[in-house]
Amino acid sequence: MKMTRQDIKKNTAPAAELVQELCTNAHTEGRKDMATKLSGRLDRLATQVSNGELSAVEIVELMREESVTWVNQWH
């Protein structure tokens with residue numbers, strides 16, 4: 001005789017919807033992670049700029065270098 005557990009809810013959503021939800025959640029978590037990393041990096045750059053007494057030209061160059069680093073890292 002086959003026994004069925006009554007305390008376990010069966011998943012009634014179609015598999016495609018579940019996969020879509022998993023992908024959406026993964027994408028959202030990835031974006032949150034990226035925002036956290038970028039925020040931390042910008043904070044470190046701001047600290048470097050304020051401690052280094054950099055000129056406006058040096059700050060702009062630092063920002064450009066950081067931009068290139070991020071583009072190369074994520075493309």
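The following chat goes through the helices, the loop and a few residues of a predicted model.

Reader: How many helices and strands are there in the protein?
Author: This predicted model has 2 helices and 0 strands. Helix 1 covers residues 15–52, and helix 2 covers residues 56–74.

Reader: And what radius of gyration does the protein have, against what a compact globule of 75 residues would have?
Author: The protein has a radius of gyration of 23 Å, whereas a compact globule of 75 residues would have one near 11 Å. Along the principal axes, the box filled by the C-alpha atoms is roughly 80 × 25 × 15 Å.

Reader: What share of the 75 residues is buried?
Author: Buried residues account for 5% of the 75 residues in the protein.

Reader: Back to the helices: at what angle do the axes of helix 1 and helix 2 cross?
Author: The two axes cross at roughly 155 degrees and come within 12 Å of each other. Because an angle over 145 degrees counts as roughly antiparallel, helix 1 and helix 2 are described as roughly antiparallel to each other.

Reader: Is that crossing left-handed or right-handed?
Author: The crossing in which helix 1 passes helix 2 is right-handed.

Reader: Which residues meet there, helix 1 against helix 2?
Author: From helix 1 the contact involves M34, K37, L38, R41, L45, Q48 and V49, and from helix 2 it involves I59, L62, E66, W70 and W74. Sorted by class, the contact between the two helices has 8 nonpolar residues, 1 polar residue and 3 charged residues.

Reader: Let me pick out E66 in helix 2; is E66 buried or exposed?
Author: E66 counts as buried, because its relative accessibility is 11% and the cut-off for buried is under 20%.

Reader: What is E66 in contact with, leaving aside its neighbours within four places in sequence?
Author: With those neighbours set aside, E66 is in contact with R41 and L45, both of which belong to the helix 1 side of the helix contact.

Reader: M63 is in helix 2 too, so is M63 buried or exposed?
Author: M63 counts as exposed, with a relative accessibility of 54%. Its C-alpha atom is separated by 9.3 Å from that of L42, and the two residues are 21 residues apart along the chain.

Reader: Changing topic to the loop between helix 1 and helix 2, where E53 lies: what is the phi of E53?
Author: The phi of E53 is positive, at about 50 degrees, although E53 is not a glycine. As for its surroundings, E53 is exposed, with a relative accessible area of 72%.

Reader: And S55, how accessible is S55?
Author: S55, which also lies in the loop between helix 1 and helix 2, counts as partly exposed at 34% relative accessibility.

Reader: How far apart are S55 and T36 in space?
Author: From C-alpha to C-alpha, S55 and T36 are 27 Å apart in space, and they are 19 residues apart in sequence.

Technical notes. Residues are numbered from 1 along each chain as its sequence is written. This is a predicted model: local features need pLDDT of at least 70, side-chain atom pairs count only at pLDDT 80 or more; totals for chains, interfaces and linings use all residues. Side-chain values use heavy atoms; hydrogens and water are left out. Axes are lines fitted to C-alpha atoms, for helices over the stretch in contact, and angles run from 0 to 180 degrees between N-to-C directions. Helices (H or I, at least four residues) and strands (E, at least two) are DSSP runs, numbered from the N terminus. Angles under 35 degrees count as roughly parallel, over 145 as roughly antiparallel, 65 to 115 as roughly perpendicular and the rest as oblique. A crossing is left-handed if the near helix is turned anticlockwise from the far one by less than a right angle, and right-handed if clockwise. Contact means heavy atoms within 4.5 Å. Ala, Val, Leu, Ile, Met, Phe, Trp, Tyr, Cys and Pro count as nonpolar, Asp, Glu, Lys and Arg as charged, and the others, Gly among them, as polar. Buried means under 20% relative accessible area, exposed over 50%, partly exposed in between (1.4 Å probe, protein chains only). The radius of gyration is taken over C-alpha atoms; the globule rule is 2.2 Å times the number of residues to the power 0.38.
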